[in-house]
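Colleague: I am new to this structure and would like to learn how to read some of its features. Could you take me through them one at a time?

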Amino acid sequence: MNTTLINEEVPKDKALLSEQDFYKDIFHQNSGTEYAQAVKLAQERVSNFLKNNRKPFSGIRPDEMRLKVENVDFDTPLPDYESLLNEVDEIYVKHATAYHLPEYIAHLNCPVVIPALAAEVLISAINSSQDTYDQSAGGTFMERKLIDWTSEQIGYTQGDGIFTAGGSQSNLMGLLLARDYFSLEYQKWNIKLNGLPPDASKFRVFVSDKAHFSNHKNAWILGLGEQAIVHVGVDKRYRMDPEKLEKAIAQEIQKGNIPIAITATAGTTDFGNVDPLKAIAEIAGRHNLWLHVDAAYGCGLLLTEKHRHLLNGIELADSVTIDYHKSFFQPISSSAFIVKNKLHLNIIKHHADYLNPKEQNYDALPAQINKSIIQSTRRFDALKLWFTLRYMGKEKLGQFTDTIIETTQKTAELIESDENFQLLCHSDLGVLVFRYLDGPAESTSCEVNQYIKEKLFFSGEVLVASTKVNGEFYLKFTIFNPLTTLNDIKNILNLIKQNGNEYHRLN
């Protein structure tokens, strides 16, 4: 296996190396030239991807993509890094979705900032695990400081938490603590030791009609079943209606069921709107219910003085989900689960003699694994946020959120002023649900909007999302890139019109 070194040294023939030297090269314990070469070639691919892409998707069809991957033979290694990167170019990089382009306006995938990418190099190469201090000394305290900083932004004074793999995992932790806290506090039953109490089938959790699907999955993962989720009606902007919440709680009590928690949403996936957190917190307090706020999307509002008021009341929640890999422009994964009262995390603590023994003084020798439920080995993802905050600062990140909200507001005005479109509602953040019309008098067709979305996707020119509201198919813009301009939006809307007109010509 011949390898060309980037520092112009004479290439080494891998076949002539001793087994020990080969191992040292592969684990970059020799001169580091193999590492430097591999990283340099990968960096070139990244630069080309970011600089040279002109549309967000290649448009490749699934059958063709499947064939490319299936033809790879793992039993025949490639001769050098150049060949390896060329192969990956053909089956991955060239067809990867380019979230950084303004024509990508589909899902909650953010462009990522360069400081966080630099951190990824250190994270992967050093490969620290965040379970215990002896595995990540500086990393332990850096993560804890970022959790403390996030807690302060929320408005907590005694908060704590942990980095997680994503919002669904953080929401799982919120529901787990809600379930176990309720059982301990009000039923004197320890679920961790004794399993679910006899009446657990009556536990009820209240979420809005537009809350994230992870609430339902988490309910059955925790043994409560999806029947534990009670859907609460929404207002005209698809936010949880406090009056309907009160009625839903009363109805469940009347049925003999046991309300234990409310999950409010700060930034719904379909509409980008924030539930009325203060009013919901007041109801939760009156009924002794755990309040969890899913701010996976809306957490970017913590960064901006101009729009921070939209999160007023989040400081009253018992726990909060934060996705830095959404509104903080971090690479996946970078998320956190935060609690208002750090003592509540003791509910999930479990000791193992070989890792975090019970007799250890965790004030003196901390172990982050005490706060985690499903990750023992855990990447130092916090370093990405550290790089970003130390290099850019909170204010600059907040300006990105301000720009996105302003662009969304102007886009809503554009859509509303065009008789070819119908806007469903305005957004607190960056999501607009709408559909194409032929004119103000025509009843809309699900088929034409489905056609538009598919045509745009396989052309690769523009990627938009979709959803259903009351059984009707709608297109969806998720404006998540501060570089997206109003001109970009106008071009996308024109392409939507062109494809809508094409549908009618063909049908």
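Modeller: Start with burial, on the understanding that this is a predicted model. A residue is called buried when its relative accessible area is under 20%, and exposed when that area is over 50%. Cys-446, with a relative accessible area of 17%, is therefore buried, because 17% falls under the 20% cut-off.

Colleague: Is Cys-299 buried or exposed?

Modeller: Cys-299 is buried, at a relative accessible area of 1%.

Colleague: How many disulfides does a search of the whole structure find?

Modeller: A disulfide is a covalent bond between the sulfur atoms of two cysteines. Here the search finds zero. For Cys-299, the closest cysteine sulfur belongs to Cys-110 and is 9.7 Å away, which is too far for a bond. Cys-446 is in no disulfide either, as the nearest cysteine sulfur, in Cys-425, is 18 Å away.

Colleague: Next, empty space. How much space lies in the largest pocket?

Modeller: Rolling a probe the size of a water molecule over the atoms shows where empty space is left. In this model the largest pocket holds about 1500 Å³. It is lined by 44 residues, and those closest to its centre are Val-46, Leu-50, Val-112, Leu-117 and Pro-331. Helix 2 (33-52), helix 4 (81-91), helix 5 (114-126) and helix 12 (324-327) are the elements that each give two or more residues to this lining. Helix 2 gives the most, with ten. By kind, the lining residues are 31 nonpolar, nine polar and four charged.

Colleague: Where does the largest pocket lie with respect to domain 1 and domain 2?

Modeller: Both domain 1 (129-392) and domain 2 (396-506) give residues to its lining, so the largest pocket lies between them.

Colleague: What lines the second largest pocket?

Modeller: That pocket has about 400 Å³ of space. Its lining consists of 15 residues, and Arg-144, Asp-160, Lys-342, Asp-363 and Lys-371 lie nearest its centre. The lining divides into seven charged, five nonpolar and three polar residues.

Colleague: How many cavities of 30 Å³ or more does the structure hold?

Modeller: A cavity is a space where the probe fits but cannot get out, whereas a pocket is open. The structure holds two cavities of that size. The largest cavity has a volume of about 90 Å³. Among its 13 lining residues, Tyr-297, Ser-327, Thr-401, Leu-429 and Phe-480 are closest to the centre. Helix 14 (residues 394-416) gives the most to this lining, with three residues. The lining has eight nonpolar residues, five polar and no charged. Domain 1 and domain 2 each supply at least three of the lining residues.

Colleague: What does the UniProt annotation say about Lys-326?

Modeller: The unreviewed UniProt entry annotates Lys-326 as "modified residue: N6-(pyridoxal phosphate)lysine". In the model, Lys-326 lies in helix 12 and is buried, with a relative accessible area of 15%.

Colleague: Last, the backbone. Which residues are joined by a cis peptide bond?

Modeller: Most residues other than glycine have a negative phi, and most peptide bonds are trans. Ile-332 and Ser-333 are joined by a cis peptide bond, with omega about -5°. Ser-333 is in the loop between helix 12 and strand 10 (335-339). Phe-329 lies in the loop between helix 12 and strand 10 as well; its phi is positive, near 60°, and Phe-329 is buried at 2% relative accessibility. Asn-127 also has a positive phi, of about 65°. Asn-127 sits in the loop between helix 5 and helix 6 (137-154) and counts as exposed, at 58% relative accessibility.

Notes:
Residues are numbered from 1 along each chain as its sequence is written. This is a predicted model: local features need pLDDT of at least 70, side-chain atom pairs count only at pLDDT 80 or more; totals for chains, interfaces and linings use all residues. Side-chain values use heavy atoms; hydrogens and water are left out. On a 1 Å grid over the protein atoms alone, a cavity is a set of points where a 1.4 Å probe fits but cannot get out, and a pocket is an open set with protein on both sides within 12 Å along at least five of seven lines; lining residues have an atom within 4 Å of a point. Grid points are joined across faces, edges and corners, and a volume is the space filled by probe spheres set on the points. Helices (H or I, at least four residues) and strands (E, at least two) are DSSP runs, numbered from the N terminus. Ala, Val, Leu, Ile, Met, Phe, Trp, Tyr, Cys and Pro count as nonpolar, Asp, Glu, Lys and Arg as charged, and the others, Gly among them, as polar. Domain bounds come from an automatic or database domain assignment. A disulfide is a pair of cysteine sulfur atoms within 2.5 Å. Buried means under 20% relative accessible area, exposed over 50%, partly exposed in between (1.4 Å probe, protein chains only). UniProt positions are given in the numbering used here, feature names are shortened, and annotations may be inferred rather than shown by experiment.
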